[in-house]
Amino acid sequence: MRYRLTFVLGLAVGYVLGTRAGRERYEQLKKSARQVAQNPAVRNTAESAAQQGRHFAGKAYHTVSEKVGDRVPETVAQRVRSLRERSAHNGGAEDDWGTSNT
């Protein structure tokens with residue numbers, strides 16, 4: 001899904017940069033993009049996808065940590081610990097992407 005979104009975004013950016021229609025068409029595209037981004041269904045879907053991503057990332061972390069054990073470099077282990085602590089101190093209210101954890 002992420003790759004499709006990146007592809008579509010790349011097409012849109014390429015079109016905007018390559019179009020000869022001028023500023024009017026650019027403003028029209030910008031308005032459409034804003035309307036899509038503010039659509040409650042789109043926002044809910046994006047938030048749901050983010051929650052699922054966090055859930056699966058947590059599962060993957062536990063699976064990998066069980067299999068890898070102490071073979072993880074200390075710098076990586078420290079980074080993971082700091083991210084988990086920051087998440088715990090943040091109260092799980094919001095992640096780095098601005099989506100809520102509700």
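**Exercise 1. The Lys30 and Glu27 pair**

Task: Work out where Lys30 and Glu27 lie relative to each other in this predicted model, and what links their side chains.

Solution:
1. Locate the residues. Both Lys30 and Glu27 belong to helix 2, which covers residues 23-38. Their separation is 3 residues, about one turn of the helix.
2. Check the side chains. Those of Lys30 and Glu27 form a salt bridge, with an N to O distance of 3.9 Å. The cut-off is 4 Å, so this pair counts.
3. Check the exposure. Lys30 has a relative accessible area of 32%, and Glu27 has 31%. Buried requires under 20% and exposed requires over 50%, so 32% makes Lys30 partly exposed. By those limits Glu27 is partly exposed as well.

**Exercise 2. The salt bridges of the whole structure**

Task: State how many salt bridges a search of the whole structure finds, then describe the one between Arg81 and Glu74.

Solution:
1. The search of the whole structure returns 2 salt bridges.
2. In the bridge between Arg81 and Glu74, the side chains come to 2.7 Å, N to O.
3. Arg81 is partly exposed, at 41% relative accessibility. Glu74 is also partly exposed, at 46%.
4. As a general point, side chains of opposite charge can pair when their charged atoms come close.

**Exercise 3. The surroundings of Tyr61**

Task: Find which helix holds Tyr61 and which residues Tyr61 touches beyond four places away in sequence.

Solution:
1. Tyr61 sits in helix 3, residues 40-68.
2. Leaving out residues up to four places away in sequence, the contacts of Tyr61 are Val80 and Arg84.
3. Compare sequence with space for one of these contacts. Tyr61 and Val80 are separated by 19 residues in sequence, and their C-alpha atoms are 9.5 Å apart.
4. Tyr61 has a relative accessible area of 34%, and is therefore partly exposed.

**Exercise 4. Helix lengths and a cap**

Task: Test whether the end-to-end distances of helix 3 and helix 1 agree with 1.5 Å a residue, and identify the residue that caps helix 3.

Solution:
1. Helix 3 has 29 residues, so its expected span is 42 Å. The C-alpha atoms at its ends are 41 Å apart, in agreement.
2. Helix 1 runs over residues 2-18, a total of 17 residues. From first C-alpha to last it reaches 24 Å, close to the expected 24 Å.
3. At the N-terminal end of helix 3, the cap is Asn39. One of its side-chain oxygens lies 2.9 Å from the backbone nitrogen of Ala41.

**Exercise 5. Fold, burial and confidence**

Task: Give the secondary-structure content of the protein, its burial and the confidence of the prediction.

Solution:
1. The protein has 4 helices and 0 strands, in the order α-α-α-α along the sequence.
2. Of the 102 residues, 4% are buried. Helix 1 is hardly covered, with 0 buried residues.
3. The protein exposes about 9000 Å², of which carbon and sulfur atoms supply 58%.
4. Mean pLDDT is 79, with 82% of residues reaching 70 or more. Helix 3 has the highest confidence, at 87, and helix 4 (residues 74-89) the lowest, at a mean of 80.
5. Where pLDDT is low, predicted coordinates should not be read in detail.

Definitions and conventions
Residues are numbered from 1 along each chain as its sequence is written. Side-chain values use heavy atoms; hydrogens and water are left out. Helices (H or I, at least four residues) and strands (E, at least two) are DSSP runs, numbered from the N terminus. Buried means under 20% relative accessible area, exposed over 50%, partly exposed in between (1.4 Å probe, protein chains only). Contact means heavy atoms within 4.5 Å. pLDDT is the predictor's confidence in each residue, from 0 to 100. The expected span of a helix is 1.5 Å times one less than its number of residues. A polar contact is a pair of N or O atoms within 3.5 Å; within protein, one must be able to donate a hydrogen and the other to accept it, and residues adjacent in sequence count only if both atoms are side-chain atoms. Accessible areas come from the Shrake-Rupley method with a 1.4 Å probe; for residues, only the protein chains shown count as cover.
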